[in-house]
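Hi everyone, thanks for making time for this. Let me bring up the structure, and then I'll walk you through its salt bridges and its empty spaces.

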Amino acid sequence: MSAMGNGTRNDSISSADKKEKKSLFGKGGKDIVKKGISFGPLPVVAYDADRGFQYGALLNIYDFGDGSHYPHPRQQWYIEASAYTKGTQQYFLSYDTKHLIPSVRMSVAATCIYDKAMDFYGYNGYQSYVDVDNLRYWKKADDKTGIRPEYMTAFYRVERLHVSAKADFVGNIWNNKLFWQGSYYFSWTRMRSINRASINKGKDSVEMFSGQTLFDKYKDWGIIREDEGDGGFVSALRVGLMYDSRDFEAAPSRGIWAEANMTAAPRILGTTHPFYRYMAIFRHYVPIVDERLVFAYRLNYIGTIGSSLPYYLMPLYSTIGKDYDRDGIGGYRTVRGVSRDRVMGLDVGFFNAELRWRFISFPLWRQNVALAVNAFCDGAIVTRGYDMSYRGDEGNVQMKKEYEKYVNTAKPDGLHAAAGGGLRVIINRNFIVAFEYAYPFNRQDGNGSFYINTGYLF
């Protein structure tokens, strides 16, 4: 293809696409070529250690056209409505096309996520102390109830409602490998203390949570500014560059995928609390044995220009492209095994490194099916912290004492790391069901996490 004007990656069959025409089934094998519209309705039955069991329904819709682009869809839709047993409800709608606008790939997405009890462990990683020994009920020799309600997990929870929408555009600059990126992003976030009536429903009186949460204390200590306390609106423009030489998007076996972009959310666009951020991502896929054994790693850095960043945006990890926004560092989509939103600050870096082995492929019910396993190590660190200076009532000795228990600004953050492994079921190259378990190296970061989800992490 020429250097300019023939569409974004996969708009037609590039040299990388032709390589991917190889069968999953090895030499002499042949994929079942999918044509037209392919519907993938599925019940959502999953598990996330941070949120509990997930239930609901999703629908994947792939348009393969006349099959000449298979396994790359011409356009695709994703619809999901689901909930978790720990109180999260989420609704996603996304559309991705490489053919609607000549020479431009367009991705639009809308999300609505309600967290009845979202994780809130504080900022700057290990500068925020997590009382892991008292996160759940415990028993002392002189404690007849065996319960200390003030240390229930509700202490580390906050209620959040987050609604967002974005329109992303990617266009070819050079050889269908170097691209420009442009995006408009909008969100509204409402943050407030947990609903105690809801949290305590069905519990014995001794089990009920009635004290302050860490979120409440952060407000009293002045770490969360009063004017930001309830959340706000974001209206932002994003621009960036991307280099992509992957052989296939859903499960690459070779190539580099790198991005750098900047987000500007000034008040003139309607943003409640203006900010400016940047992000750089480098992903590399190295084949070791053909395309079946692959070493893959991702390096990611998210930074803030200046020191102004609304606290309610730190739990969000937003990218340009077909994916919708994810929660912040920690959890399935970023650093597996580390508690959700455990690593938050003005500037944060994280990495993922894993070995992927696709050990068998076979046709089943006219579908192309493959099984793969992986072993991985993930990690993250806050390189520049959020301002957690005490700005509460200086005359309140008890309040100051509690602040000093949970916040240590003199202590630099360290590496939050975890390791684990998993199994994946790959259907028609694009739909991937994942089972993974990860365990952190430091108890401050969690107690081990099991996930059932979709796709590769990157």
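**Salt bridges and spaces inside**

Let's begin with a pair of side chains: R105 and E249 form a salt bridge, and their closest N and O atoms are 2.5 Å apart. This pair links distant parts of the chain, 144 residues apart. R105 sits in strand 5, residues 104-119, while E249 belongs to the loop between strand 8 (231-244) and strand 9 (255-265). Please keep in mind that this is a predicted model.

Are these two partners buried or exposed? R105 counts as buried because its relative accessibility is 12%. E249 is buried as well, because its relative accessible area is 16%; the cut-off for buried is under 20%.

That pair has company: the structure holds 27 salt bridges. Let me pick out another that uses strand 5. R157 forms a salt bridge with D119, and here the closest N and O atoms are 3.7 Å apart. R157 lies in strand 6 (residues 157-174) and D119 in strand 5, so the bridge ties together parts that are 38 residues apart in sequence. Both R157 and D119 are buried.

Next, please look at R336. Its side chain meets that of D378 in a salt bridge, 2.7 Å from N to O. R336 lies in the loop between strand 13 (326-327) and strand 14 (347-364), and D378 in strand 15 (residues 367-384), so this pair ties together parts 42 residues apart in sequence. R336 is buried, and D378 is too.

Which residues are linked with R336 and D378 in a network of salt bridges? The other members are E354, R356, R424 and E436.

Now for the empty spaces. How many cavities of 30 Å³ or more does a search of the whole structure find? The search finds 5. The largest has a volume of about 1100 Å³. Its lining is made of 42 residues, and the closest to the centre are W257, K322, D323, R326 and Y456.

Several strands contribute to that lining. Strand 2 (52-63), strand 3 (75-84), strand 4 (88-101) and strand 7 (178-192) are among those that each supply at least two residues. So are strand 5, strand 8, strand 9 and strand 17 (431-440). Strand 5 is also where we met R105 and D119. By class, the lining of the largest cavity divides into 18 nonpolar, 11 polar and 13 charged residues.

The second largest cavity holds about 270 Å³ of space. It is lined by 15 residues, with T263, F275, R277, L316 and S318 the closest to its centre. Strand 8, strand 9, strand 10 (275-289) and strand 12 (316-317) give two or more residues each, and strand 10 gives the most, with 4. The classes here are 10 nonpolar, 3 polar and 2 charged.

Last stop, the pockets. About 620 Å³ of space lies in the largest pocket. Of its 37 lining residues, Q54, Y84, Q90, R333 and N453 are the closest to the centre. Which strand provides the largest share of this lining? That is strand 1, residues 37-48, with 6 residues. Sorted by class, the pocket lining has 17 nonpolar, 11 polar and 9 charged residues.

That's my tour, and I'm happy to go back to any part of it. Thanks for listening!

Terms used:
Residues are numbered from 1 along each chain as its sequence is written. This is a predicted model: local features need pLDDT of at least 70, side-chain atom pairs count only at pLDDT 80 or more; totals for chains, interfaces and linings use all residues. Side-chain values use heavy atoms; hydrogens and water are left out. On a 1 Å grid over the protein atoms alone, a cavity is a set of points where a 1.4 Å probe fits but cannot get out, and a pocket is an open set with protein on both sides within 12 Å along at least five of seven lines; lining residues have an atom within 4 Å of a point. Grid points are joined across faces, edges and corners, and a volume is the space filled by probe spheres set on the points. Ala, Val, Leu, Ile, Met, Phe, Trp, Tyr, Cys and Pro count as nonpolar, Asp, Glu, Lys and Arg as charged, and the others, Gly among them, as polar. A salt bridge is a side-chain nitrogen of Lys or Arg within 4 Å of a carboxyl oxygen of Asp or Glu. Buried means under 20% relative accessible area, exposed over 50%, partly exposed in between (1.4 Å probe, protein chains only).
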